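Student: Could you take me through one part of this structure slowly? I would like to see how one helix sits among its neighbours.

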Amino acid sequence: MSASEQAVVGPAIEVVAKATRRRFTVEYKRKIVREADARRTPGAIGALLRREGVYSSHLTTWRAARERGELAGAPTKRGPVRRVADPRDKRITELERERTRWQKRAERAEALVALQKQVAALLGTPLTDEPSS
């Protein structure tokens with residue numbers, strides 16, 4: 001194709017292998033919503049949306065965001081809200097761990113006492129409650 005033919009036809013269209021999602025800034029959203037609210041004649045909002053290449057669902061979503069106050073200030077961070085750890089929760093966890101440790105130790109001691117009683121019964125020696133000195 002010659003340069004004169006390309007000037008008449010226009011530039012060659014480049015096809016991107018994978019489409020990328022469009023991202024709109026908060027200021028752009030505010031501008032479009034303000035313009036749409038200012039339009040009063042029939043078909044004016046449709047013309048605005050066609051001119052900007054935006055769907056009516058975008059406008060609906062942005063208006064709802066404006067009502068919630070999301071378009072008023074700085075953008076909010078996405079993702080789960082960071083949970084502030086309560087020091088009492090940490091203390092409760094430590095105490096539960098310590099209680100479990102002591103409970104296991106007491107169960108072992110009771111098992112040893114039961115074993116000593118069985119051995120004493122087999123050998124025929126009485127167990128005394130007083131320690132020998």
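Tutor: Happy to! Keep in mind that this is a predicted model. Let's look at helix H2, residues 26-38, beginning with its partner, helix H3, residues 44-52. The axes of H2 and H3 come within 10 Å and cross at roughly 155°. Angles over 145 degrees count as roughly antiparallel, so H2 is roughly antiparallel to H3. On the H2 side, the contact is made by Tyr28, Lys31, Ile32, Glu35 and Ala36. H3 brings Ile45, Leu48, Arg51 and Glu52 to meet them. Sorted by character, the residues of this contact are 5 nonpolar and 4 charged, with no polar ones.

Now for H2 by itself. Its 13 residues reach 18 Å from the first C-alpha to the last, close to the 18 Å expected at 1.5 Å a residue. Which residues of H2 are buried? They are Val26, Tyr28, Lys29, Ile32, Val33 and Ala36. Looking down the axis of H2, you would find these buried residues within an arc of 160°, so they line one face of the helix. A general point helps here: an α-helix has 3.6 residues a turn, so residues three or four places apart point the same way.

What does the buried side of H2 pack against? Its buried residues pack against H3 and also against helix H4, residues 56-68. Turned away from that buried side is a face of H2 that carries the exposed residues Arg34 and Ala38.

How values were computed:
Residues are numbered from 1 along each chain as its sequence is written. This is a predicted model: local features need pLDDT of at least 70, side-chain atom pairs count only at pLDDT 80 or more; totals for chains, interfaces and linings use all residues. Side-chain values use heavy atoms; hydrogens and water are left out. Axes are lines fitted to C-alpha atoms, for helices over the stretch in contact, and angles run from 0 to 180 degrees between N-to-C directions. Helices (H or I, at least four residues) and strands (E, at least two) are DSSP runs, numbered from the N terminus. Angles under 35 degrees count as roughly parallel, over 145 as roughly antiparallel, 65 to 115 as roughly perpendicular and the rest as oblique. Contact means heavy atoms within 4.5 Å. Ala, Val, Leu, Ile, Met, Phe, Trp, Tyr, Cys and Pro count as nonpolar, Asp, Glu, Lys and Arg as charged, and the others, Gly among them, as polar. The expected span of a helix is 1.5 Å times one less than its number of residues. Buried means under 20% relative accessible area, exposed over 50%, partly exposed in between (1.4 Å probe, protein chains only). The arc is that of the directions from the helix axis to the C-beta atoms.
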